[in-house]
Amino acid sequence: KEKRQLEFQKLKSMTFRQKIEYLWTYYKIWLVVLLAVIMVGSIIVTMVQNAMKVELLSIAIVDADMNAQEQIDRMTDDLLDYIGTGDKYETITMDASAGSGDDYTDVTKRMVLLASGTVDLFICNEETYEEYDEQGGFRDWSEILGDDYGQYEQYMTNGVLDLSKSEKWQEYGITFYEPVYAGALAASEKDENLKAFAEFFFE
């Protein structure tokens, strides 16, 4: 107890810098251990939170307007309200970083998104859609919509859901090309949420 009191008095008489130097010199092992515990605890908390997340849809938008982040965030929230159940762990992921250019960065980014197996919906121009559709990258909307396909035929271009025909999509102002193809990725199995996406824009 006396030793602790002496240590306290010694620290009290030091400047802030002297305190740091003193603690590091004599107690660095404990400081390192404490830091390691905090870091491990933070990693565990993050892993648990990520494990509890339920991703309803993952969407990639090609050639999004550079100034449209606010609109993208608003659309993400609106979609989540429409598709979700209100569970706080439900999420919709939106990636608007890909471009349709032929340079290495754009091509690599598109390939990573398409090959990841985690993206459900690819929103892009006609040329980009056709490039990957030829490789079997997309599902047929008639398979996803089933008996409801007929209700959406007027909103299709060449059998693909065309968001440029949606007033709601136009209001968000995220892209300015036409048509705006919404292609469901071949690996996606979230049919109900893909149908809800179509309903959201064309209800």
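A residue counts as buried when its relative accessible area is under 20%. Keep that cut-off in mind for the walk through this chain, which is a predicted model.

Start with helix α5, residues 126-133. Which of its residues are buried? Thr-128, Tyr-129 and Tyr-132 are. Seen down the axis of α5, the buried residues fall within an arc of 100°, so they line one face of the helix. That face has cover. Among the elements over the buried residues of α5 are α4 (104-115) and β3 (121-124). Strands β5 and β6 (181-184) also belong to this cover. Now look at the start of α5. There, a side-chain oxygen of Asn-125 comes within 3.4 Å of the backbone nitrogen of Glu-127.

How far can the model be trusted? The mean pLDDT of the chain is 89. A value of 70 or more is reached by 96% of the residues. Confidence is highest in strand β5 (residues 160-162), at a mean of 97. Helix α1 (residues 2-12) has the lowest confidence, with a mean of 74. Where pLDDT is low, the predicted coordinates should not be read in detail.

Next, move to the loop between β5 and α8 (167-172), where Ser-166 lies. Is Ser-166 buried or exposed? Its relative accessible area is 1%, which is under 20%, so Ser-166 is buried. Its side chain has polar partners. One of them is the backbone oxygen of Phe-201, reached at 2.9 Å. Another is the backbone nitrogen of Lys-168, which lies 3.3 Å from a polar atom of the Ser-166 side chain. Set aside the neighbours within four places in sequence. Ser-166 is then in contact with Phe-201 and Phe-202.

Phe-201 leads on to the aromatic rings. The chain holds 10 aromatic pairs. Phe-200 and Phe-201 form one that is edge-to-face. Their centres are 4.9 Å apart, and the angle between the planes is 85°. That angle is over 60 degrees, which is why the pair counts as edge-to-face. Phe-200 has a relative accessibility of 5% and Phe-201 has a relative accessible area of 4%. Both values are under 20%, so Phe-200 and Phe-201 are buried.

These two rings also belong to a cluster linked by ring pairs. Its other members are Tyr-82, Trp-169, Tyr-172 and Phe-197. Lys-168 comes back here too. Its charged end sits over the ring of Phe-200, 4.0 Å from the ring centre.

Last, turn to the backbone. Most residues other than glycine have a negative phi, and most peptide bonds are trans. Where does this chain depart from that pattern? Take Asp-63, in the loop between β1 (54-62) and α3 (69-83). Asp-63 is not a glycine, yet its phi is positive, at about 60°. With a relative accessible area of 28%, Asp-63 is partly exposed.

Asn-158 also has a positive phi, about 55°, although it is not a glycine. Asn-158 is found in the loop between β4 (156-157) and β5. Its relative accessibility is 63%, which is over 50%, so Asn-158 counts as exposed.

The peptide bond from Glu-178 to Pro-179 is cis, with omega near -10°. Find Pro-179 in the loop between α8 and β6. Strand β6 takes you back to the opening scene, as part of what covers the buried residues of α5.

Terms used: Residues numbered from 1 in each chain as written. Predicted model: local features only at pLDDT ≥ 70, side-chain atom pairs only at ≥ 80, totals over all residues. Heavy atoms only, no water. pLDDT = per-residue confidence, 0-100. Helix = DSSP H or I, 4+ residues; strand = E, 2+ residues; numbered from the N terminus. Buried < 20%, exposed > 50% of the residue type's maximum accessible area, 1.4 Å probe, protein only. Polar contact = N/O pair within 3.5 Å; in protein donor to acceptor, adjacent residues only side chain to side chain. Contact = heavy atoms within 4.5 Å. Phe/Tyr/Trp six-rings, centres within 6.5 Å; stacked < 30°, edge-to-face > 60°. Lys NZ or Arg CZ within 6 Å of the ring centre and 35° of its normal. Arc of directions from axis to C-beta.
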